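Open the model in your viewer and keep the sequence panel visible. The tour goes from one selection to the next, with a short note on each stop.

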Amino acid sequence: MPVIHTGNNHRSAYTGDVDADVTLVLDFLNTVDVEEDTDVLRSTADWHVWAHERTLRPDPLDEAARARHALRIATGAPEAATPEGADVRVPVDIALNAAWDASPQLVADTAVAAVYAAAVRLAFRGVWNRVKICPADDCLWAFYDESRNRSRSWCSMSVCGNRMKARTFRKRVAGDGDSASTHG
């Protein structure tokens, strides 16, 4: 006999599918857009729309914001840095759905729990370290590094990577010009 969790929000699309897990986690991490100065978690109405679009039950807004911050910390995002040893925890209810003829599955009742369950599955599969945050301080977009050696840094080399290369070049050229004028 299967063990069934009696919550309101069983979302099979987020169970056991790496692509769906990646999509859900990235969607949640990207509820903040630094470039456009938007944040789904600034208003309860926007947060509820986001959750309902994914057929998830929204958690309280402050819990969602703490959860996003905790996950951004887990990706190593520079803007999410906390003092050494700081503990960011957002408790959620995640159940195990088990049947005698199937593998156990994590089942979540709320949006944050579904995101956490997806993150746990990604970590279990050894692909959590592919979830990254663009280091450009005017971007900070979450992305999934599909490169073979997991070395991708930028969400987009053609945008953020090129901007950073151009800034670095301008600084280097400006620095060379200053040193040439004082020594020359």
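Begin by selecting Lys-132, which lies in strand β5, residues 131–133. The model is a predicted one. Is Lys-132 buried or exposed? With a relative accessible area of 16%, Lys-132 falls under the 20% cut-off and is therefore buried.

Now show the side chain of Asp-145. The side chains of Lys-132 and Asp-145 make a polar contact at 2.7 Å. Next, display whatever else surrounds the lysine. Once neighbours within four places in sequence are set aside, Lys-132 is in contact with Trp-141, Ala-142, Phe-143 and Asp-145, and also with Arg-150, Ser-151 and Arg-152.

Move to the helices. Select residues 61–75, which form helix α3, together with α4; the two pack with their axes 10 Å apart, at an angle of about 15°. That angle is under 35 degrees, so α3 and α4 count as roughly parallel to each other. The crossing in which α3 passes α4 is left-handed. Which residues make the contact? On the α3 side, pick Ala-64, Ala-67, Ala-70 and Leu-71; on the α4 side, pick Val-112, Val-115, Tyr-116 and Ala-119. Coloured by residue class, this contact of α3 with α4 shows 8 nonpolar residues, no polar and no charged.

Keep α4 (residues 111–124) selected and add α2, residues 44–53. Here the axes are 10 Å apart and the packing angle is about 55°. Since 55° lies outside the ranges for roughly parallel, roughly antiparallel and roughly perpendicular, α2 and α4 are oblique to each other. Viewed as a crossing, α2 passes α4 in the left-handed sense. To see where the two helices meet, show Trp-47, Trp-50 and Ala-51 in α2 against Ala-111, Val-112 and Val-115 in α4. The residues of this contact of α2 with α4 comprise 6 nonpolar, no polar and no charged. Leave Val-112 and Val-115 displayed: they appear in the contact of α4 with α2 and also in the contact with α3.

Finally, clear the selections and colour the whole protein by secondary structure. There are 5 helices and 6 strands, and along the sequence they follow the pattern α-β-β-α-α-β-β-α-β-β-α. Switch to colouring by accessibility: 37% of the 184 residues count as buried. For a last view, draw the contacts between residues at least 6 apart in sequence; 51% of these join residues at least 24 apart.

Definitions and conventions
Residues are numbered from 1 along each chain as its sequence is written. This is a predicted model: local features need pLDDT of at least 70, side-chain atom pairs count only at pLDDT 80 or more; totals for chains, interfaces and linings use all residues. Side-chain values use heavy atoms; hydrogens and water are left out. Axes are lines fitted to C-alpha atoms, for helices over the stretch in contact, and angles run from 0 to 180 degrees between N-to-C directions. Helices (H or I, at least four residues) and strands (E, at least two) are DSSP runs, numbered from the N terminus. Angles under 35 degrees count as roughly parallel, over 145 as roughly antiparallel, 65 to 115 as roughly perpendicular and the rest as oblique. A crossing is left-handed if the near helix is turned anticlockwise from the far one by less than a right angle, and right-handed if clockwise. Contact means heavy atoms within 4.5 Å. Ala, Val, Leu, Ile, Met, Phe, Trp, Tyr, Cys and Pro count as nonpolar, Asp, Glu, Lys and Arg as charged, and the others, Gly among them, as polar. Buried means under 20% relative accessible area, exposed over 50%, partly exposed in between (1.4 Å probe, protein chains only). A polar contact is a pair of N or O atoms within 3.5 Å; within protein, one must be able to donate a hydrogen and the other to accept it, and residues adjacent in sequence count only if both atoms are side-chain atoms.
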